[in-house]
Amino acid sequence: MHKLIQITFFILIAYYLFHGLDLKEIDLSIFYIFGIILTFISIVLGQIVVAQRWQMMSKLSFKISYETMVVSSMLNVILPAKLGELSKALYLKKFYKFNYNKALSIMLIERFFDVIVLFLLICLWAYGYFTNELLKQSIVLLSVFIIFVVLVFNTKYVLVFLKKIPIQFFRVYTQKIYKNINLLFKSSLGIFAYTLYIWFVYLLSNILFFKYGVHFGLSLSTIL
């Protein structure tokens, strides 16, 4: 029965992905094999760096970290809204008895630093591209808010607030997550450095694909 459910699940996914696809409309002439190979290499490199960041925060081996990243990346390809990210905590708990709360805390830290670096890239691009003053002011306000959140998060006031949550389950659970995140913040400089490198590889893979993997005639600024 378990195998039958698995097979049914994958058949439904395949149907969802390929239903209505007209193979005659696929133009393979726009692809360049050399560029595709370079893109694939850069993506693999990105997965290695992501695994190293997870290894640094979780203290697990590189093998386990890389294995977890590959599984979550595969699920992200076929599931909407990047739901594959949630598989990290579930996968580690099931196969390696890793603490679920700690895994969830690491995931939140990952997203937090990803948002910071992505925001820096947006600022860099927006200031060089847009002339709308309202947009620029919004970017400044958002950056101030992010800095404020970073500064306030490490203070005792957040923990005091969490202790006042009326529902016991959420009160206890959020305090566990908060304490785990605070421990991880001690390595914030290393996490930030890894995140910068990861986003550099993301950009590199996109440049390689759109510049050398396919023939769309896009400029470098358009790709970025």
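The following questions and answers take up helices, loops and burial in this predicted model.

User: Why are α2 and α3 called oblique to each other?

Analyst: The axes of α2 (residues 33–58) and α3 (residues 62–78) cross at roughly 125°. Roughly perpendicular covers 65 to 115 degrees, roughly antiparallel needs over 145, and roughly parallel needs under 35. The angle fits none of these classes, so α2 and α3 are oblique.

User: How close do the axes of α2 and α3 come, and what is the hand of the crossing?

Analyst: The two axes come within 8 Å. The crossing of α2 past α3 is right-handed.

User: Which residues of α2 and α3 meet?

Analyst: From α2 come Val44, Gln47, Ile48, Val50, Ala51, Gln52, Trp54, Gln55 and Ser58. From α3 come Phe62, Ser65, Tyr66, Met69, Val70 and Ser73. This contact has 9 nonpolar residues, 6 polar ones and no charged ones.

User: How do you know that the span of α2 agrees with its number of residues?

Analyst: Take 1.5 Å a residue. The 26 residues of α2 should then span 38 Å. The end C-alpha atoms of α2 are 37 Å apart, so the span agrees.

User: Which residues of α2 are buried?

Analyst: The list for α2 is Gly35, Thr39, Ser42, Gly46, Gln47, Val49, Val50, Ala51, Arg53, Trp54, Met57 and Ser58. The cut-off for buried is under 20% relative accessible area.

User: What is the span of α1, and why is α1 said to lie largely in the open?

Analyst: Helix α1 (residues 2–18) reaches 25 Å between its first and last C-alpha, close to the expected 24 Å. Of its 17 residues, the number buried is 1, so α1 lies largely in the open. Just after α1 comes glycine 20, with a positive phi of about 85°.

User: What makes serine 72 buried?

Analyst: Its relative accessibility is 2%. Buried means under 20%. Serine 72 therefore counts as buried. This residue is in helix α3. Beyond four places in sequence, serine 72 touches Gly84, Ser87 and Lys88.

User: What is notable about the phi of lysine 59, and why is this residue called exposed?

Analyst: Lysine 59 is not a glycine, yet its phi is positive, near 65°. Most residues other than glycine have a negative phi. Lysine 59 comes just after α2, in the loop between α2 and α3. Its relative accessibility is 64%. The cut-off for exposed is over 50%. Lysine 59 therefore counts as exposed.

User: Where is lysine 97, and why does this residue count as exposed?

Analyst: Lysine 97 sits in the loop between α4 (87–96) and α5 (100–129). Its relative accessible area is 70%. Exposed requires over 50%, and lysine 97 is therefore exposed. Phi of lysine 97 is positive too, about 55°, although this residue is not a glycine.

User: Why is lysine 93 called partly exposed?

Analyst: Lysine 93 has 48% relative accessibility. Buried needs under 20%, exposed needs over 50%, and partly exposed lies in between. Lysine 93 therefore counts as partly exposed.

User: Where is lysine 93, and with which residues is it in contact, leaving aside neighbours within four places in sequence?

Analyst: Lysine 93 belongs to helix α4. With those neighbours set aside, the contacts of lysine 93 are Phe98 and Tyr100. The C-alpha atoms of lysine 93 and alanine 103 are separated by 8.5 Å, and the two residues are 10 residues apart along the chain.

Technical notes. Residues are numbered from 1 along each chain as its sequence is written. This is a predicted model: local features need pLDDT of at least 70, side-chain atom pairs count only at pLDDT 80 or more; totals for chains, interfaces and linings use all residues. Side-chain values use heavy atoms; hydrogens and water are left out. Axes are lines fitted to C-alpha atoms, for helices over the stretch in contact, and angles run from 0 to 180 degrees between N-to-C directions. Helices (H or I, at least four residues) and strands (E, at least two) are DSSP runs, numbered from the N terminus. A crossing is left-handed if the near helix is turned anticlockwise from the far one by less than a right angle, and right-handed if clockwise. Contact means heavy atoms within 4.5 Å. Ala, Val, Leu, Ile, Met, Phe, Trp, Tyr, Cys and Pro count as nonpolar, Asp, Glu, Lys and Arg as charged, and the others, Gly among them, as polar. The expected span of a helix is 1.5 Å times one less than its number of residues. Buried means under 20% relative accessible area, exposed over 50%, partly exposed in between (1.4 Å probe, protein chains only).
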